[in-house]
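Hi,

Here is the structure I promised to pass on. Have a scroll through it, and then read on for what turned up.

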Amino acid sequence: MESLIQIINKLQDVFAVIGEHKIDLPQIVVVGSQSSGKSSVLESLVGRSFLPRGTGIVTRAPLILQMIRYSKHDKENMIKSTKNKNIQCWATFLHKPGTIYDNFDEVRHEIEKQTDVLAGSNKGITHEPIVLKVFTLSYDLTFVDLPGITKVPVGDQPEDIDEQIQELIFKYVEQENAIILAVVTANTDPTTSESLKIARKMDPNGIRTIAVVTKLDLIDKGTIQDTTELLCGHKIPVKLGIIGVVNRSQKDINDNKSMQETLKSEKEFLRLNYPDIYKKHGNKVLAKTLQDILVKHIKKTYPVLHKNLQDTKLRLENELATLQTPDSKVSFILTLLKNISKSYCDTILGNRKDISDKIVIGGARISEIINEEYIDKINQINPLYDLSDEQIGIILLNASGITKSSFVNEKALEHMIFRQLNNIIEPSMSSVDFVRVEMLKIFDSIDENILETLKRFPRINSDVRNVLNKMLDEKLNDLKIFIKSFIETYQTCLNTTNPNFLFQLVRSSTEMQDENISAFMNNTGKSIDDHKFVISEDNEKEESEKKIQLFKQMLSGLNDLDKNIETSKQVKIHKCLTQCYFEFIREIIRDFVPKRIHHKMVKLVLDNFEQELDDKVFTPYVINRSFEEVMTEEEGVIDERQRVENMLNAVNIALKNMIDIQCF
């Protein structure tokens, strides 16, 4: 049983050396307000007075206190080092492994000294722990002692000292493997206890919280019954138990009252005041209870801890593989460039194995831009945007000049169609820009390991990105010029006899058709009734052909029209023709632009990216013999590699130590 806790102590030592880590170790975390008796509880358990005392915040760094029930071998090593056979209890610090302390006043001074080293001398807080090992014949236990909870800064304490302390406490107690030892004073209302508030927040069901009630000797005699209910668990909902203790008072400390005497006085006090329950309370009961809880907790959390270590090992090995310096720089860069091209193309083509289930990326996002967002934008364009009937009338008059207008004014129609098709140019150009931006973004979503490698080598990273950027820019300009020219072709070269346009007119609303034909018939002296169309399923094709012939006559301009034609009728005709022709051209453009972007930007980059990287990146490196230069690592990479190596080494040691736990 004892060695099981000592195995966890070894894990604490390993991870305390490397500093910050995410390994959740089973440990008892002591939480309490300032002056709650937290230090006295720990000293009573150890049986020595060794913790710093004073006003304000005394504990400013996490103190990992490992009580080790020493073996014969441990004592022999201690005697060999100190030449002193009379020592029964001694201590060592992880940061001073060769020094043995048997004077616990010196232990206190070393804690104060190391606290100033880690946290500074200005009353600040540090997250770096101090690891203290106390070798004793009493118990195997391990604690994390944290700064006392305070609300008001005193003296030269930082204004946000309460937030700093809360952050440090939460860092330890939020871990699922932590047992919370909440110190509560008997002479205050437990519902206002800060330690219990924190415990309830982090452990709402109380399944990993044990409460210690201090200062039982300071309560009024009339409240003993209330305190009895408190000690019996009627007021604090914790599952691991509530234990009352009586520790040394300040007077006892000043009088150098021994721990043995304190324990004797405590037992007598509890027997006299709590005769029915005194055997369940006191520091000895607390130590035994904590030892049992910790052993059970270690056994319970072993599978999760072991899996966590295995997962961490695998992750660190992958990180280290990314951070390693390659043996052959030429081969490394050539392989890296090929992997970049492959991952980039796979991301666009949807060939990645690690397909995201969170966001749409890669080729799917490009498809959204050109096949959905772009189409939606141009579909929403009003064919007659900013073209009122009054404006059409003015255009018709101005396009006629000094002559009378024919029934269909081709110059006016060309002008209006040119003007309205302008509204399609901007969204078409923008869609090219959006695809370019997305193709640059896609580079940042390629394989994470490749991106991490590129971060190490800023020069290669910059050169590769420049190649992609230049490829896209070249395609962008050519593509935008071509698309604009394509649309301008339809602006300047009208073909109103195009069969597809005529079908567009036929497909226009019945009301619009009737207005156009009515206006035309009225001005050719023909009867409207003769040309009403009732289209049935049998003669639909025949009647459509008749309509087309009429529209051809109307648009040919060969007929002499009535000189007194009303302008309003001409407006309706030109409005209809402009709208239909716009919709006819829009249908062509919305089919053409996405295909052109895919063919002349996306596909060309996919087809040529690897070759461009070879020509513009790798070949110049070879010619200039600059492999050493381009593989200069980013500042901090060497430190990061060392950090990962240290962490991996620690995890491997931890896994080796955990083999022994399986025997229990």
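How many aromatic pairs does a search of the whole structure find? The count comes to 11. Bear in mind as you look that this is a predicted model.

Let me start with one of those pairs, Phe-93 and Tyr-101. Their rings meet edge-to-face, with 5.4 Å from centre to centre and 90° between the planes. Phe-93 has a relative accessible area of 1%, so it counts as buried. Tyr-101 is buried as well, at 5% relative accessibility.

Another edge-to-face pair joins Phe-332 and Phe-457, where the ring centres are 5.7 Å apart and the planes make an angle of 70°. This one links distant parts of the chain, as its two residues are 125 apart in the sequence. Phe-332 belongs to helix H11 (residues 329-349), while Phe-457 sits in the loop between helix H15 (448-456) and helix H16 (458-492). Both Phe-332 and Phe-457 are buried.

There is also a cluster to look at: ring pairs connect Phe-482, Phe-486, Tyr-490 and Phe-592. One ring of that cluster has a charged neighbour, with Arg-596 lying over the face of Phe-482, 3.8 Å from the ring centre.

Now for a helix. H4 covers residues 104-119, which makes 16 residues. From first C-alpha to last it reaches 22 Å, close to the 22 Å expected at 1.5 Å a residue.

Which residues of H4 are buried? They are Phe-104, Val-107, Arg-108, Glu-110, Ile-111, Gln-114, Thr-115 and Ala-119. Looking down the helix axis, you'd find these buried residues within an arc of 165°, so they line one face of H4. On the other side of the helix, Lys-113 and Val-117 are exposed.

What covers the buried residues of H4? The cover includes four strands: E2 (63-69), E3 (90-93), E4 (96-101) and E5 (130-136). If you still have the first pair on screen, Phe-93 falls within the residue range of E3 and Tyr-101 within that of E4.

The two ends of H4 deserve a quick look too. At the N-terminal end, Asn-103 acts as a cap: one of its side-chain oxygens lies 2.9 Å from the backbone nitrogen of Asp-105. After the helix comes Gly-120, which has a positive phi, near 80°.

That's what I have for now. Shout if you'd like to go through any of it together.

Cheers

Terms used:
Residues numbered from 1 in each chain as written. Heavy atoms only, no water. Phe/Tyr/Trp six-rings, centres within 6.5 Å; stacked < 30°, edge-to-face > 60°. Buried < 20%, exposed > 50% of the residue type's maximum accessible area, 1.4 Å probe, protein only. Lys NZ or Arg CZ within 6 Å of the ring centre and 35° of its normal. Expected span 1.5 Å × (residues − 1). Arc of directions from axis to C-beta. Contact = heavy atoms within 4.5 Å. Polar contact = N/O pair within 3.5 Å; in protein donor to acceptor, adjacent residues only side chain to side chain.
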